[in-house]
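Student: Could we go through this structure together, one question at a time? I would like to see the reasoning behind each answer.

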Amino acid sequence: MDYDFEHDRVAKEAKERGWKTVLLQFPEGIKTFAFDVERELKARGVENTIVSGDPCFGACDLALEPIRYHGADGLVHYGHSPIPSIHAGNVVYVELRAQVGIDDLVLRAVSFLKDMGYGEESRIGIITSIQHIHSIEAACSVLSEHFKCLVGEGDGRIMYPGQVLGCNFSSAKAVNADAYLFIGSGDFHPLGAALSTGKTVIVADPYSGKIRDVSENMEKMLRKRFGRITAAADAASFGILVGTKTGQWRMAEALRLKKLAEMHDKEAHIITMNFFTPEQLNVFKLDAWVSTSCPRVAIDESARYEKPILTPPEFEIVLGIREWEDYVFDEIEG
Ligand code: SF4
């Protein structure tokens, strides 16, 4: 997989900002490149770099505290675009755009959509993650020859039109399409988009070259979520989890949920943590968890937790103030 690490730009920015010591932060899948990056930056005159080894999954999680205790002058955050509603001055972002062509892929997605019955009057929205955001224009121009192509502006959590985060699908909802084409890999973003919009989402994966509909996986995921909700139905006590990462802090939401729990005769305790793991939570003797931090914790990681771990809307279903038919994906607005 080829990524553009933009070594020249990073070295130039570090020098222009007068940074003597620079902290480097990488997402999990890219950490293996950390020392190559250090060597490249050193060759360009950035002598003092430190690698942050803490887990990192998004630009919601800038290593700003570590900048202070490492005595670094600035942070280079790799793999994510800025979240506009998070203001941090001494950060350089390297988005790691994927160097992979998508023209043939989009043409195959066109055939796939036509086979599903979409025609020239159909409104097809394009969404993607940051790694393929530069391909949106080309993809839309191919799509426009066959359908009405739509690219939506997101809210303050979203940097680019058409970009989605695992916790925010505002750019998809902005265009109210008949169906969406997600360019990228994995299930988390397209499943979130399908749940958030209630529409069909087709994935065009630039790495495998495959086109697929996520409906079946969404049904599977919903069955799992229904199982977690059912398992939490008899829980008497809940730990309401608040992430202390810059862009995951939702204390107001946690307080709202605690109040709701108490109104429904449930015991609830708010627990703050930077990075949630089942092992850390096991020490607390409670019956179930409600995570207000990254929605991935409850959705993607739930198999690792012995006790049910829910999103806030799922907790509302447990309390009986939301119907299962009104299930919504948990999103963090910007
Ligand atoms: S909260 Fe989760 S999904 Fe949202 S940006 Fe952070 S890591 Fe990504």
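Tutor: Happily! This is a predicted model. Let us begin with a residue of a salt bridge: at 29% relative accessibility, Arg296 counts as partly exposed.

Student: Which residue does the side chain of Arg296 meet in a salt bridge?

Tutor: A salt bridge here needs a side-chain nitrogen of Lys or Arg within 4 Å of a carboxyl oxygen of Asp or Glu. For Arg296 the N to O distance is 3.4 Å. The partner is itself partly exposed, with a relative accessible area of 42%. That partner is Asp300.

Student: Is Glu316 buried or exposed?

Tutor: Glu316 forms a salt bridge with Arg322, at 2.8 Å from N to O. Arg322 has a relative accessible area of 24% and is partly exposed. Buried means under 20%, and Glu316 has 9% relative accessibility, so Glu316 counts as buried.

Student: Which residues are joined with Glu6 into one network of salt bridges?

Tutor: Start with one pair: the side chains of Glu6 and Arg9 meet at 2.6 Å, N to O. Glu6 is partly exposed at 24% relative accessibility, and Arg9 is partly exposed at 29%. Salt bridges that share partners then extend the network, which joins Glu6 with Arg9, Glu13 and Arg17.

Student: How many salt bridges does the count come to?

Tutor: Side chains of opposite charge can pair when their charged atoms come close. The pairs we have discussed include Glu316 with Arg322 and Asp300 with Arg296. By the 4 Å rule, the count comes to 22.

Student: Let us turn to the strands. Why is strand S5 described as largely enclosed by the rest of the structure?

Tutor: S5 covers residues 123-128. A residue counts as buried under 20% relative accessible area. S5 is largely enclosed because the number of its 6 residues that are buried is 5.

Student: What is the handedness of the crossover from S5 to S6?

Tutor: S5 and S6 (residues 148-150) pair in the parallel sense over 3 bridges, and Gly125 has Leu150 as its bridge partner in S6. Between these strands the chain passes through helix H5, residues 136-143. This β-α-β crossover is right-handed.

Student: Which residue in S7 stands opposite Thr128?

Tutor: S5 also pairs with strand S7, residues 179-183. The two run in the parallel sense, over 5 bridges. Opposite Thr128 in S7 stands Ile183.

Student: Which residues of S10 point the other way from Ser237, Gly239, Leu241 and Gly243?

Tutor: In a regular strand the side chains alternate between the two faces of the sheet. S10 covers residues 237-243, and 7 of its 7 residues are buried. Both sets are thus made up of buried residues, and those pointing the other way are Phe238, Ile240 and Val242.

Student: What are the bridge partners of Gly239 in S11 and S12?

Tutor: S10 runs parallel to S11 (residues 267-273), with 7 bridges joining them, and together with helix H9 these strands make a right-handed β-α-β unit. S10 also pairs with S12 (residues 288-291) in the parallel sense, over 4 bridges. The partner of Gly239 in S11 is His269, and in S12 it is Trp289.

Student: One last question: how far apart in space are Asn282 and Ile67?

Tutor: Asn282 is found in helix H10, residues 278-282. Asn282 is partly exposed, with a relative accessible area of 32%. In sequence, Asn282 and Ile67 are 215 residues apart. In space, their C-alpha to C-alpha distance is 31 Å.

How values were computed. Residues are numbered from 1 along each chain as its sequence is written. This is a predicted model: local features need pLDDT of at least 70, side-chain atom pairs count only at pLDDT 80 or more; totals for chains, interfaces and linings use all residues. Side-chain values use heavy atoms; hydrogens and water are left out. Buried means under 20% relative accessible area, exposed over 50%, partly exposed in between (1.4 Å probe, protein chains only). Two strands pair if DSSP finds at least two bridges between them. A crossover is right-handed if, with the strands pointing away from the viewer, the path from the first strand over the helix to the second runs clockwise.
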